[in-house]
Amino acid sequence: MLINSKAVALLLSTSIAIVTTAFLSLVKDVSVIALLVAFGISFSSTYLLSSLTLEFLIFKEINKIYTVLDKLKKKDLSFLQTKIEKKSLNPLKRIHEEIFSYAAIKQQEINDLKNLEMFRREFVANISHELKTPIFAAQGFVHTLLDGAVEDKKIRYKFLKKAAKSLDGLDRLVHELLTLSQLETGEIKMRYEHFNIIETIEDVHEQFEDEAEKKNIKLKVNIPENVTEIHVYADVHRIYQVLTNLVSNAIKYTKKGGGVYISAWPNESDATVTVEDHGRGIPASDINRIFERFYRVEKSRSKDKGGTGLGLAIVKHILEAHNTKVEVTSKVGEGSSFSFKLPQGKTSVADGIVPFANEKDV
Ligand code: ADP
């Protein structure tokens with residue numbers, strides 16, 4: 001830059017020195033040496049004072065503003081990494097601070113938009129992939145039948161059964177997606193009531209009894225001894241759905257001969273519900289991600305087992321709507337435990353009961 005603090009100071013000090021010397025020359029009998037000394041002193045002192053003032057109070061800040069604006073133009077936001085001290089009295093410094101914080105806000109907005117865009121793209125890719133699998137499978141079976149296999153009674157039945165299974169999977173996926181989106185938009189409201197969670201657990205147990213038996217899996221309910229009622233305050237249908245998803249997973253990911261345990265016990269102000277299995281477990285690196293939509297530890301295996309990849313995302317949303325969360329502990333090869341707490345409702349459970357005093361087979 002041609003005009004900088006030194007050039008302006010030079011100009012200013014020269015003019016002041018000339019004016020001062022000119023005035024001094026009007027005095028009678030003043031010597032040339034005195035005039036030169038006066039010129040030198042006024043020039044150097046004005047130069048020093050003005051260049052320092054201009055450099056530190058004005059030009060330095062203006063240059064900083066220019067640098068920031070230049071970087072903003074080039075979309076280089078690296079300057080946001082450096083911290084600036086706030087609330088300066090210098091108005092130019094304040095402008096610099098304002099530009100800096102404005103850029104920081106814009107950068108945050110850009111990051112959020114980028115994340116949203118990535119999330120949307122990933123979601124569309126995932127959903128297309130998930131929908132494609134059952135549609136292609138059903139389409140394949142129907143076309144094979146149309147191409148002649150329909151004549152063979154045995155094959156006809158087998159293929160129709162397979163096509164129906166794929167379409168059932170599709171139906172489940174669409175249904176779960178709808179539930180998830182309605183939970184997210186708040187369309188599904190929690191209907192709170194006081195109910196006995198033991199009854200809900202027994203209903204879930206009854207629902208999965210046959211499935212567990214077919215897989216030779218021990219499905220048990222653990223309730224503290226002498227406890228017949230654990231009242232909680234929650235949405236009974238949604239908690240039933242949470243338990244269904246957790247127990248269905250526990251059975252799905254447990255080998256033949258393993259065990260699945262649904263437990264509940266009262267605490268001082270709430271109740272704990274746990275679904276535990278002696279299945280294959282979840283690696284520590286995956287635990288934080290299993291609640292994401294479509295996240296699967298072993299992609300192919302979950303799909304073979306009829307999983308949509310949305311079960312735990314639904315669990316998370318329902319429990320969040322209850323202002324609670326699900327805790328997971330797991331060890332590969334040993335099993336997993338999913339537990340959550342619900343606020344206590346009206347309860348008739350006596351004090352001083354030791355949880356798990358016995359294990360009750362239902
Ligand atoms: P999916 O329909 O695939 O079961 P979920 O959302 O219910 O979808 O679960 C996400 C993933 O978490 C599963 O694919 C599986 O890898 C893992 N997972 C969930 N529950 C268990 C469990 N009890 N034992 C082992 N892995 C589990």
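# Close-up views of a predicted model

**T324 and its contacts.** Leaving aside residues up to four places away in sequence, T324 touches L319, K341 and L342, where contact means heavy atoms within 4.5 Å. T324 is located in the loop between helix 9 (311–321) and strand 6 (327–331); helices (H or I, at least four residues) and strands (E, at least two) are DSSP runs numbered from the N terminus. With a relative accessibility of 16%, T324 counts as buried (buried is under 20% relative accessible area, exposed is over 50% and partly exposed lies in between, for a 1.4 Å probe and protein chains only). The model is predicted, so local features require pLDDT of at least 70 and side-chain atom pairs count only at pLDDT 80 or more, whereas totals for chains, interfaces and linings use all residues. Residues are numbered from 1 along each chain as its sequence is written, and side-chain values use heavy atoms, with hydrogens and water left out.

**T200 in helix 5.** The view is centred on T200, which belongs to helix 5 (residues 197–214). A relative accessible area of 4% makes T200 buried. Not counting residues up to four places away in sequence, the contacts of T200 are F195, V236, Y240 and L243.

**The aromatic pair F123 and F294.** Five aromatic pairs are present in the structure; rings of Phe, Tyr and Trp (its six-membered ring) pair if their centres lie within 6.5 Å, and planes under 30 degrees apart count as stacked, over 60 as edge-to-face and the rest as tilted. In the pair of F123 and F294, the ring centres are 6.2 Å apart and the planes stand at 35 degrees, so the pair is tilted. The pair links distant parts of the chain, 171 residues apart: F123 is in helix 3 (residues 91–146), and F294 is in the loop between helix 7 (284–287) and helix 8 (299–304). F123 is partly exposed, at a relative accessible area of 22%, whereas F294 is buried, at 6%. The backbone of F294 has a positive phi of about 65 degrees, although F294 is not a glycine.

**Helix 2 and its ring cluster.** Ring pairs join F39, F43 and Y47 into a cluster. I41 is placed in helix 2 (residues 32–73) and is exposed, with a relative accessible area of 55%. The C-alpha atoms of I41 and K93 are separated by 32 Å, with their positions 52 residues apart along the chain. S45 also lies in helix 2; its relative accessibility of 41% counts as partly exposed. S45 and S13 are 32 residues apart in sequence, and the distance from C-alpha to C-alpha is 7.9 Å.

**The loops on either side of helix 2.** D29 is in the loop between helix 1 (5–25) and helix 2. The phi angle of D29 is near 60 degrees, a positive value in a residue other than glycine. At 77% relative accessibility, D29 is exposed. K74 is in the loop between helix 2 and helix 3 and is likewise exposed, with a relative accessible area of 62%. From K74 to N126, 52 residues apart along the chain, the C-alpha separation is 35 Å.

**The whole chain as context for the close-ups.** The secondary structure of the protein chain amounts to nine helices and seven strands. The radius of gyration of the chain is 38 Å, while a compact globule of 362 residues would have a value near 21 Å; this radius is taken over C-alpha atoms, and the globule rule is 2.2 Å times the number of residues to the power 0.38. Along the principal axes, the C-alpha atoms fill a box of roughly 130 × 70 × 40 Å. Buried residues constitute 37% of the 362 residues. Of the contacts in the protein chain with a separation of 6 or more, 73% are between residues 24 or more positions apart. The exposed area of the protein chain is about 22700 Å², of which carbon and sulfur atoms supply 59% (accessible areas come from the Shrake-Rupley method with a 1.4 Å probe; for residues, only the protein chains shown count as cover).
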